[in-house]
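Open your viewer, have the sequence panel to hand, and follow along. We will go from one selection to the next and look at what is there.

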Amino acid sequence: MNKASDSRLQPNVFVRIFRFYRDGFRNMTVGRTLWAIIAIKLVVFFLILKWIFFPNFLSSKADDDAGKAQYVREQLTDR
């Protein structure tokens, strides 16, 4: 067989990559636990820590967008 006929028999490169990862995740044992730990850590980092360290500061200074813009403008020009 030549290369032209071989390429028609193989699936698309994206399909092969998907199948590679699908089969790899399907056969994991310890890896599933590690991925679960990683997912839990990401939830903690991006959801809980965001609420603690990055509160919505401007909403405590003004009620509407115009008031928030005015507050930011004052802070930038006064400093």
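Start by selecting Asp64, which sits in the loop between H4 and H5. Show its side chain and follow it to Gly67: the side chain of Asp64 reaches the backbone nitrogen of Gly67 at 3.1 Å. Is Asp64 buried, exposed or something in between? With a relative accessible area of 44%, Asp64 is partly exposed, because that class covers values between the 20% limit for buried and the 50% limit for exposed.

**Stepping back to the whole chain**

Now zoom out and switch to a cartoon view. This is a predicted model, so colouring by pLDDT, the predictor's confidence in each residue, is a good next move. The protein chain has an average pLDDT of 84, and 90% of the residues score at least 70. Where is confidence lowest, and where is it highest? Helix H1 (residues 3-9) is at the bottom with a mean of 61, while H5 is at the top with 90.

The cartoon shows 5 helices and 0 strands. Read from the N terminus, the order of elements is α-α-α-α-α.

Try a surface view next. About 7,500 Å² of the protein chain is exposed, and carbon and sulfur atoms supply 65% of that area. Of the 79 residues in the chain, 5% count as buried.

**The charged side chains of H2**

Return to sticks and select Arg22, Asp23 and Arg26. How many salt bridges does a search of the whole structure find? The search comes to 2, and your selection takes you to them in turn.

- Arg22 and Asp23: this salt bridge has its closest N and O atoms 3.4 Å apart.
- Asp23 and Arg26: here the side chains meet in a salt bridge at 4.0 Å, N to O.

Asp23 and Arg26 are 3 residues apart in helix H2 (residues 13-26), which puts about one helical turn between them. Through shared partners, the salt bridges join Arg22, Asp23 and Arg26 into one network. If you colour by accessibility, Arg22 comes out as partly exposed at 32%, and Asp23 is also partly exposed, at 33%.

**The aromatic rings**

Next, select the aromatic residues. The count of aromatic pairs comes to 3, and we will visit two of them, beginning with Phe25 and Trp35. Their rings are edge-to-face, with 5.9 Å from centre to centre and 65 degrees between the planes. This pair links distant parts of the chain: Phe25 belongs to helix H2 and Trp35 to helix H3 (residues 30-53), 10 residues apart. On the surface, Phe25 is partly exposed with a relative accessible area of 41%, and Trp35 is partly exposed as well, at 48%.

Then move your selection to Phe57 and Tyr71. Why is this pair called tilted? The ring centres are 6.2 Å apart and the planes stand at 55 degrees, which falls between the 30 degrees limit for stacked and the 60 degrees limit for edge-to-face, so tilted is the class that remains. Phe57 lies in helix H4 (residues 57-61) and Tyr71 in helix H5 (residues 65-78), so the pair ties together parts that are 14 residues apart in sequence. Phe57 itself is partly exposed, at 46% relative accessible area.

To finish, keep Phe57 and Tyr71 on screen and add Asp64 once more. You can then view the pair that joins H4 and H5 along with Asp64 in the loop between those helices.

Key:
Residues are numbered from 1 along each chain as its sequence is written. This is a predicted model: local features need pLDDT of at least 70, side-chain atom pairs count only at pLDDT 80 or more; totals for chains, interfaces and linings use all residues. Side-chain values use heavy atoms; hydrogens and water are left out. Buried means under 20% relative accessible area, exposed over 50%, partly exposed in between (1.4 Å probe, protein chains only). Helices (H or I, at least four residues) and strands (E, at least two) are DSSP runs, numbered from the N terminus. Rings of Phe, Tyr and Trp (its six-membered ring) pair if their centres lie within 6.5 Å; planes under 30 degrees apart count as stacked, over 60 as edge-to-face and the rest as tilted. pLDDT is the predictor's confidence in each residue, from 0 to 100. Accessible areas come from the Shrake-Rupley method with a 1.4 Å probe; for residues, only the protein chains shown count as cover. A polar contact is a pair of N or O atoms within 3.5 Å; within protein, one must be able to donate a hydrogen and the other to accept it, and residues adjacent in sequence count only if both atoms are side-chain atoms.
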